[in-house]
Amino acid sequence: SDVCSSDLVLALFSCFLTAREVTARAELARANRELIATRELLANSSRLAERERISRELHDTLGHHLTALSLNLEAASHMAGGTALEQVQRAQEVTKSLLSDVREVVSTLRQDEPVRLRESLNALVETVNEPRIHLAVPEDLIVSDPVIAHTLLRCVQESVTNAIRHARARNLWIELVRADGAIEVRARDDGRGVPHITFGHGLAGMRERLELVGGRLAVQSKPGKGFDISASIPLRVGAS
């Protein structure tokens with residue numbers, strides 16, 4: 001009897017460790033997905049910030065000095081004559097050319113660079129085995145505002161997390177669309193659903209993120225009818 005009891009305890013302990021290991025692996029996989037996706041966006045954000053810094057430095061320092069030099073040469077041209085005037089005029093032409101080049105570089109640097117949102121979303125969902133995720137992102141969807149891109153990513157992330165932890169779903173359909181002057185994340189699963197929706201940390205955090213960019217969140221669910229999430233962000237400069 002004692003032997004049987006010991007075997008039972010060992011079996012239960014083994015099952016407990018196995019369950020803990022499965023849970024730990026799932027959490028590690030989820031954290032890794034989030035890290036990869038966030039790294040993609042951070043790389044874009046850092047690159048945009050650096051481009052803005054360089055363009056500002058060029059405009060505020062080199063551009064300022066070249067403008068001052070051009071004005072001084074203009075004044076000198078009215079006082080010089082002969083060969084000296086020719087040299088001043090030549091220097092003035094070079095200065096104006098350099099100033100034009102600087103302005104062109106500044107303008108190019110300040111042009112928005114699209115964030116690779118599609119790649120970040122694929123990285124987020126590709127390692128999820130269950131539920132099966134069906135992700136649809138338009139190939140021509142461009143998001144150049146890192147804040148909007150990050151908000152969209154987090155909405156998708158929370159939809160995936162909700163389906164994994166609570167829905168017991170087999171499938172999760174996620175679609176990004178442009179509609180009525182906004183970008184929408186539409187997510188629905190075929191899980192168990194709930195009779196009453198409670199905004200836990202995940203959904204509450206999603207709603208707060210959306211409100212910061214003027215967006216809105218709509219959630220629907222019924223027992224046996226799955227869980228539907230609709231997150232909408234109005235288009236503005238930097239998103240198209």
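Two strands count as paired if DSSP finds at least two bridges between them, and the strands themselves (E, at least two residues), like the helices (H or I, at least four), are DSSP runs numbered from the N terminus. This is a predicted model, in which local features need pLDDT of at least 70 and side-chain atom pairs count only at pLDDT 80 or more, while totals for chains, interfaces and linings use all residues. Residues are numbered from 1 along each chain as its sequence is written, and side-chain values use heavy atoms, with hydrogens and water left out.

A good place to begin is strand E3, residues 182–189, which is joined to strand E2 (residues 171–179) by 8 bridges, the two running antiparallel. The hairpin of E2 and E3 has 2 residues between the strands, and Asp180 takes a positive phi near 55° there. E3 is also joined to strand E5 (residues 227–234), again antiparallel, by 7 bridges. Arg188 can be followed across these pairings, for this residue of E3 stands opposite Trp173 and also stands opposite Asp228 in E5. E3 is mostly covered, with 6 of its 8 residues buried, where buried means under 20% relative accessible area, exposed over 50%, and partly exposed in between (1.4 Å probe, protein chains only).

From the strands we turn to helix H4, residues 146–167. H4 has 22 residues and reaches 30 Å from its first C-alpha to its last, close to the 32 Å expected at 1.5 Å a residue, the expected span being 1.5 Å times one less than the number of residues. This helix is mostly covered as well, 16 of its 22 residues being buried, and Arg168, which follows H4, has a positive phi near 55°.

Within H4 lies Ser159, which counts as buried because its relative accessibility is 3%. Its side chain reaches the backbone oxygen of Cys155 at 2.9 Å. Leaving aside neighbours within four places in sequence, Ser159 is in contact (heavy atoms within 4.5 Å) with Leu172, Ala187, Met206 and Ile229.

The largest nonpolar core, a set of buried Ala, Val, Leu, Ile, Met, Phe, Trp, Tyr and Cys residues joined through side-chain atoms within 4.5 Å, has 35 residues, and those with the most contacts inside it include Val156, Val160, Ile174 and Val185. The elements that give two or more residues to this core are helix H3 (117–125), H4, E2, E3, helix H5 (201–212), strand E4 (216–221) and E5, and H4 gives the most, with 9 residues.

Key
A polar contact is a pair of N or O atoms within 3.5 Å; within protein, one must be able to donate a hydrogen and the other to accept it, and residues adjacent in sequence count only if both atoms are side-chain atoms.
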